[in-house]
Amino acid sequence: MNTLDDRYTKPKELLETYIDLARFGEDTGVLEPAQVDRLYESSYADPERAQRALLLGRELREAIHDVFRAIITKRPVPPGALAQLNGYAQTAAGHMQLVEVKNGFEWRFDDRQDFDSVLWPIARSAADLLASHHLAFARACSSKACEWFFLDTSKNHHRRWCDMTRCGNRAKVQRFYARQKRQR
Ligand SMILES: [Zn+2]
């Protein structure tokens, strides 16, 4: 949701290429580095299909964003965005299979070399969050200069910033200067 930075002021697209999307998957831990490396290589061999997957990725992001923004700002969820997210989640479900592991089974995605395989865990993860009791902890960053959303997993659920180093410190510095000004 945060990969369109400053979306209401000066939108900056952070998913410029398919590789950006694949890296996002790697950074967030939904894809394995080896899988991303292979997707990276194939995206050079077939740039058109990679580009199509990128456009779908942005569409999915917007759907997730619109749904969560409505929830966070306590407004009705746009049915179109929810329908879109449902479509992606259903596709993702069609690619899930049970695999036997050491102490039981786990869900894994098949066909991990499909360009769209980046989208499945993202759609799945958004859908899982919507259907979980963690949904109440989806928040918007308190910084006025920031439009990022985050999930408040802190113990007391009093977290205010998307990221302490990105926004928390910025706010702290601003308060510090404001206080200094008043004291002068
Ligand atoms: Zn922030």
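## Salt bridges, a zinc site and helix 3

At 21% relative accessibility, Glu13 is partly exposed. In this predicted model, Glu13 forms a salt bridge with Arg58, and the closest N and O atoms of the two are 3.6 Å apart. The pair links distant parts of the chain, since Glu13 sits in strand 2 (residues 12-13) and Arg58 in helix 3, 45 residues apart. Arg58 is also partly exposed, with a relative accessible area of 23%. Both residues belong to a network of salt bridges that links Arg7, Glu13, Arg58, Arg61 and Glu62.

The structure holds nine salt bridges. The table gives three of them, including the pair just described.

| Salt bridge | Closest N and O atoms | Relative accessible area, Arg | Relative accessible area, acidic residue |
|---|---|---|---|
| Arg58 with Glu13 | 3.6 Å | Arg58, 23% | Glu13, 21% |
| Arg49 with Asp46 | 3.3 Å | Arg49, 40% | Asp46, 25% |
| Arg139 with Asp152 | 3.4 Å | Arg139, 21% | Asp152, 1% |

In the pair of Arg49 and Asp46, Arg49 is partly exposed, and Asp46 is partly exposed as well. In the pair of Arg139 and Asp152, the arginine lies in strand 5 (residues 138-140) and the aspartate in the loop between strand 6 (149-151) and helix 6 (164-183), 13 residues apart. Here Arg139 is partly exposed, whereas Asp152 is buried, because its relative accessible area is 1% and buried means under 20%.

Helix 3, which contains Arg58, covers residues 47-72 and has 26 residues. From its first C-alpha to its last, helix 3 reaches 36 Å, close to the 38 Å expected at 1.5 Å a residue. Just after helix 3, Lys74 takes a positive phi of about 55°.

The zinc ion has four cysteine SG atoms as its protein donors, those of Cys141, Cys146, Cys162 and Cys167, at 2.3 to 2.4 Å. The angles among the four donor atoms run from 104 to 118°, and the site is tetrahedral. Along the sequence, the donor residues follow the spacing C-x4-C-x15-C-x4-C. Cys141 lies in the loop between strand 5 and strand 6, and Cys162 in the loop between strand 6 and helix 6, so this pair ties together parts that are 21 residues apart in sequence. Cys141 and Cys162 are both buried. The loop between strand 6 and helix 6 thus appears twice in this account: it holds Asp152, the partner of Arg139, and the zinc donor Cys162.

Conventions:
Residues numbered from 1 in each chain as written. Predicted model: local features only at pLDDT ≥ 70, side-chain atom pairs only at ≥ 80, totals over all residues. Heavy atoms only, no water. Helix = DSSP H or I, 4+ residues; strand = E, 2+ residues; numbered from the N terminus. Expected span 1.5 Å × (residues − 1). Salt bridge = Lys/Arg side-chain N within 4 Å of Asp/Glu carboxyl O. Buried < 20%, exposed > 50% of the residue type's maximum accessible area, 1.4 Å probe, protein only. Donors = N, O, S within 2.8 Å, 3.2 Å for Na, K, Ca; no water. Tetrahedral: all angles 85-135°; square planar, octahedral: opposite > 155°, others 65-115°.
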